[in-house]
Amino acid sequence: MTETQTVSPPTKRPVRQLLAASVGNAVEWYDWYAYTFLATYIAAQVFPKSADNSLVPLLSTFAVFAVGFFMRPVGGLLMGAVADRHGRRAALTVTILLMGGSSLLVGLTPTYAAAGVLAPVILVLARLLQGLSVGGEFAASTTFLVESAGPGRRGLFSSFQYVSTTVGQLVASGIATLLVDTLSDGQMNGWGWRVPFALGAVLSLVGFWIRRGAEETRSAEQQRAPRPGLFEALRRHPRESLLICGITAGGTIAYYTWTSYLPTYAELNTGIEKPDALLAGTISLAFFALLQPLGGLLSDRFGRRPLLLFFGLGFALLTVPLLHILRDSFAVLLLVSCAGMVLLTGFTSISAAVNAEVFPPRVRAAGIGFPYSLTVALFGGTAPYVGTLFKELGHSGLFPWYVAVLCLLSSLVYLRLPETAHAPLRR
């Protein structure tokens, strides 16, 4: 049989596979998102203050956030290649150990007052390593999850990519909220912001132990085949690589705007108190996690394209009105957050399945990892920085339009996307 004709059964222990992928992924993303929720405290301690503008340290912190994203394509390519050459499980164990080490490094970063310019240098290094890990994690775990699914369940299994991502983010948000509510400003600025990163390093060891018992999903035929070259996916499948970029652009800007930046956006533009903004974000994230399996099941029955269009056109039409009605009100912020989460589910619940169904198994992990992570770096990782920069320039109203236009462009890609929900997955 040719590569495009080979179909083999899924793994025999799908629930255990789901647990291995989900627990490890949750730990990875907890470490990654802890930085976002504690950005204002990191800014105050690691970057020099500006006498002219209080937003300068925050802009610097979000710039480092964006820099970490630009290591994600490298991680997607390298760890994707490890997954395609040596197995999905091998790549997953490497990424979680890398994330644990880099999280510990963030927690140990000295203050600018103590170490001068060395402090932001250490922080940048830690975020680069985290970006490498997260880029590889998505490539490997996406492939691992979808290849572990039974017939007619790829969408459901795909949804757990963002269930676990959201659980990690939810735990990070919840811990940040708890610390802000219980510690004084002096304690938070002194040592409180470091606690979540130390905890993340410990949790990474737990995730590593769970993943060691997972079953390899790369087929025996693929294991016997010659190992693919590092750039083989890009060289032999350029159309598929560009397709991943088009699918992802709108989804990633909407995702990072709603799940990461919205509390800060509300603080900057409405004056809502930080604890209220973090609490609204935490509640809406819990709601978002519950929606994911429903989206996956719907896509298994009705197809991927209807859900993608629901997301893309919904955000193209409603981003500006939703962000425009934000004001200094917890209830309004919560309503806007939850409305966006409903729309966003059309993308997040099935993006792993859609991506995995694009590429053949020989280069599936690397094929997904590089173009996806590059697009996330360009549009998702820069979302907080762009939004804060628009505010700094006095044009904060342009940011919602920026999000809406990108979602509209991705919707044009979804219209032409072939339906793959009911076709067998090549293995």
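A residue counts as buried when its relative accessible area is under 20%. By that cut-off Arg211, at 1% relative accessibility, is buried. Keep this in mind as you look around the model, which is a predicted one. Salt bridges, cavities and a surface patch are the topics below.

**Salt bridges**

- The count of salt bridges comes to 9.
- One of them joins the side chains of Glu137 and Arg211, with an N to O distance of 2.6 Å. Glu137 sits in helix H7 and Arg211 in helix H10 (residues 195-211), so this pair links distant parts of the chain, 74 residues apart. Glu137 has a relative accessible area of 0% and is therefore buried, and Arg211 is buried as well.
- Arg364 and Glu147 also meet through their side chains, at 2.9 Å from N to O. Because Arg364 belongs to helix H18 (residues 364-380) and Glu147 to helix H7, this salt bridge ties together parts that are 217 residues apart in sequence. Both of these residues are buried.
- A further salt bridge brings together the side chains of Arg154 and Glu357 (2.8 Å, N to O). Here helix H8 holds Arg154 and helix H17 (residues 351-358) holds Glu357, so the pair connects parts 203 residues apart in sequence. Arg154 and Glu357 are both buried.
- Glu147 and Arg364 also take part in a network of salt bridges with Asp84 and Arg88.

**Cavities**

- You will find 4 cavities of 30 Å³ or more in the structure.
- The largest cavity encloses about 110 Å³ of space. Its lining includes Phe37, Tyr41, Pro263, Glu267 and Lys274.
- Helices H1 (14-37), H2 (39-46), H13 (238-270) and H14 (274-302) each contribute at least two residues to that lining, and H13 gives the most, with 4 residues. By class, the lining of the largest cavity holds 5 nonpolar, 4 polar and 2 charged residues.
- The second largest cavity has a volume of about 70 Å³. It is lined by 13 residues, of which Trp29, Tyr162, Tyr255, Tyr256 and Tyr372 are the closest to its centre.
- At least two lining residues of the second largest cavity come from each of H1, helix H8 (154-182) and H13, and H13 has the largest share, 4 residues. This lining has 8 nonpolar, 4 polar and 1 charged residues.

**Surface patch**

- Tyr112, Val117, Leu118 and Val121 make a nonpolar surface patch of about 370 Å².
- Val121 lies in helix H7 (residues 118-148), and with a relative accessibility of 48% Val121 counts as partly exposed.

Terms used. Residues numbered from 1 in each chain as written. Predicted model: local features only at pLDDT ≥ 70, side-chain atom pairs only at ≥ 80, totals over all residues. Heavy atoms only, no water. 1 Å grid on protein atoms, 1.4 Å probe; cavity = no way out; pocket = protein on both sides within 12 Å on 5 of 7 lines; lining within 4 Å. Points joined across faces, edges and corners; volume = space filled by probe spheres on them. Nonpolar A, V, L, I, M, F, W, Y, C, P; charged D, E, K, R; others polar. Patch = residues over 30% accessible without salt bridge, like charges linked within 9 Å, V, L, I, M, F, W, Y side chains within 5 Å. Areas by Shrake-Rupley, 256 points an atom, 1.4 Å probe, with all protein chains shown as cover. Salt bridge = Lys/Arg side-chain N within 4 Å of Asp/Glu carboxyl O. Buried < 20%, exposed > 50% of the residue type's maximum accessible area, 1.4 Å probe, protein only.
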